[in-house]
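Please open the structure in your viewer and keep the selection tool at hand. We will move from one selection to the next and say at each stop what is there.

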Amino acid sequence: MTKGFIKRDGVRQNRSMGSRYEWAEAIGIAVRVRFAVRAVLCVALALATSGSTTFGAPGVELRPATNAAYDRYVALTDQRNNQELKTNQHLLWIDSLREGDRAKAYADLKQGQVKMRKLDTLDNGAEIPVPGGMIHHWVGLAFIPGAHVDDVLAILQDYNHQSTYYAPDVVQSRIESREGDHFRVFLRFRRHKVVTVVLDTEHDVHYFRDSPTLAHSRSATVRISQVDNPGKKDEHDRPPGDDDGFLWRMDTWWRVVERDGGAYVQSEVVSLTRDIPTGVAWLVRPFVTSIPEESLAFTMEATRKAVENRMGQRGK
């Protein structure tokens, strides 16, 4: 941002013009802040008020056509992931960048940055329409110096303590069943951005050890329920797919690649939420679409911190 420049023609005049300029600038800032606050409140009202005329009837229902579109999107994303693992190419998303951009991305990772990108899976070059829903698709990548694949897997598979590693986003976590590298896990998510949403989720997770320096996992939600009145005596789950549509489904692909004196950790997430009515899309869409990105960025940072803490404890 650049600030205006006032030419000096005299001390008294400068002070007067400067004060007027600063006053006008202050008024402009106040107006923008007030507008931003109103916008956020409108978002909260639009998303949190079940019976509002904006969305019609209380709550929304996940339609079969919405589910089918999401299934198609995930199937094509799965194919691409499987092909990359099979050919051992583009194991990290930055490997597909041009040489200069790729070198910079690797350098940024070594400096502790998390590299994020929004993705879109196409069907024969065309977007996949999702009637009544929105698909959010992001990938995040972090580097952990000195870490090995087993260090990362120890954290990712420690579901009984993920409410510690990923607090406050994860409130409760536990392994419900395990057969070797196949897990069934429960996670209670708490998402807060103007409004607070609590979700009870169950995930089916498979881990694969491709080589001593490579591992990946595939996770899919099998149940998501929005929790009403969490922590109170009348707490209860809404029927899956018949709620406010904050999160209907989620699929995740993790990769851990050990090289360059550490471990690269990548997480790709596809999620499905309710659609946004056209009348308020210009206002609500940036708010809604920012949540998956912010959540994944937090997950990557928290994973790195948990792995580093484990390595530190191991070294004592």
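## The two sides of a helix

Begin by selecting Glu 99, Gly 100 and Lys 104, which are exposed on one side of helix α3, the side away from its buried residues. Keep in mind during the whole tour that this is a predicted model. Now select the whole of α3, residues 99-110, a helix of 12 residues that reaches 17 Å from its first C-alpha to its last, which is close to the 16 Å expected at 1.5 Å a residue.

Which residues of α3 are buried? Select Ala 105, Tyr 106, Asp 108 and Leu 109, for these are the buried ones. They cover an arc of only 160° around the axis, and therefore they lie on the same side of α3. An α-helix has 3.6 residues a turn, so residues three or four places apart point the same way. If you next show the strands β2 (115-118), β3 (133-145), β10 (249-259) and β11 (262-274), you will see elements that are among those covering the buried residues of α3. Before leaving this helix, step just past its end to Gly 112, which takes a positive phi of about 100°.

## A strand with two partners

Select β10 next, and colour its residues by accessibility if your viewer allows that. Eight of the 11 residues of β10 are buried, so this strand is largely enclosed by the rest of the structure.

Add β7 to the selection, and you have a pair of strands, β7 and β10, that are joined in the antiparallel sense over seven bridges. To find one of these places, select Ala 220 together with Asp 251, its bridge partner in β10. Then turn to β11, which runs antiparallel to β10 and is joined to it by 11 bridges. Here Met 250 can be selected with Ser 271, its bridge partner in β11. Follow the chain to the hairpin of β10 and β11, where two residues lie between the strands and Asp 260 takes a positive phi near 60°.

## Charged pairs

The structure holds 22 salt bridges, and three of them are worth a selection of their own.

Start with Arg 255 and Glu 84, which form a salt bridge whose closest N and O atoms are 2.6 Å apart. Because Arg 255 lies in strand β10 and Glu 84 in helix α2, the pair ties together parts that are 171 residues apart in sequence. Are these two residues buried or exposed? Arg 255 has a relative accessibility of 3% and so counts as buried, and Glu 84, at 15%, counts as buried too. Extend the selection to Arg 80 and Glu 268, and you have a network of salt bridges that links Arg 80, Glu 84, Arg 255 and Glu 268.

For the next pair, select Lys 118 and Asp 120, whose side chains meet in a salt bridge at 3.4 Å, N to O. Lys 118 counts as partly exposed at 45% relative accessibility, whereas Asp 120 is exposed, with a relative accessible area of 55%.

The last pair is Asp 237 and Arg 223, whose side chains meet in a salt bridge at 3.8 Å, N to O. This pair links distant parts of the chain, with Asp 237 in strand β8 (residues 236-237) and Arg 223 in strand β7, 14 residues apart. Asp 237 is partly exposed, with a relative accessible area of 31%, and Arg 223 is partly exposed as well, at 33%.

## Into the nonpolar core

Now hide the surface and select Ile 144, Val 152, Leu 156, Tyr 207, Met 300 and Val 307, which touch the most other members among the 37 residues of the largest nonpolar core. The elements that give two or more residues to this core include β3, α4 (149-156), β5 (182-193) and α6 (278-314). Which element gives the largest share of this core? That element is α6, with six residues.

Centre the view on Met 300 and, leaving aside its neighbours within four places in sequence, look for its contacts, which include Val 114, Leu 141, Trp 254 and Val 265. There is also a second, separate core of 16 residues, and among its members are Trp 93, Leu 97, Leu 109 and Leu 119. Leu 109 is a residue you have already selected, as one of the buried residues of α3.

## A last stop on α2

Finish at Ala 75, which has its place in helix α2 (residues 64-87) and counts as partly exposed at 32% relative accessibility. Select Thr 121 with it: Ala 75 and Thr 121 are 46 residues apart in sequence and 9.8 Å apart in space, C-alpha to C-alpha.

Terms used: Residues are numbered from 1 along each chain as its sequence is written. This is a predicted model: local features need pLDDT of at least 70, side-chain atom pairs count only at pLDDT 80 or more; totals for chains, interfaces and linings use all residues. Side-chain values use heavy atoms; hydrogens and water are left out. Helices (H or I, at least four residues) and strands (E, at least two) are DSSP runs, numbered from the N terminus. The expected span of a helix is 1.5 Å times one less than its number of residues. Buried means under 20% relative accessible area, exposed over 50%, partly exposed in between (1.4 Å probe, protein chains only). The arc is that of the directions from the helix axis to the C-beta atoms. Contact means heavy atoms within 4.5 Å. A nonpolar core is a set of buried Ala, Val, Leu, Ile, Met, Phe, Trp, Tyr and Cys residues joined through side-chain atoms within 4.5 Å. Two strands pair if DSSP finds at least two bridges between them. A salt bridge is a side-chain nitrogen of Lys or Arg within 4 Å of a carboxyl oxygen of Asp or Glu.
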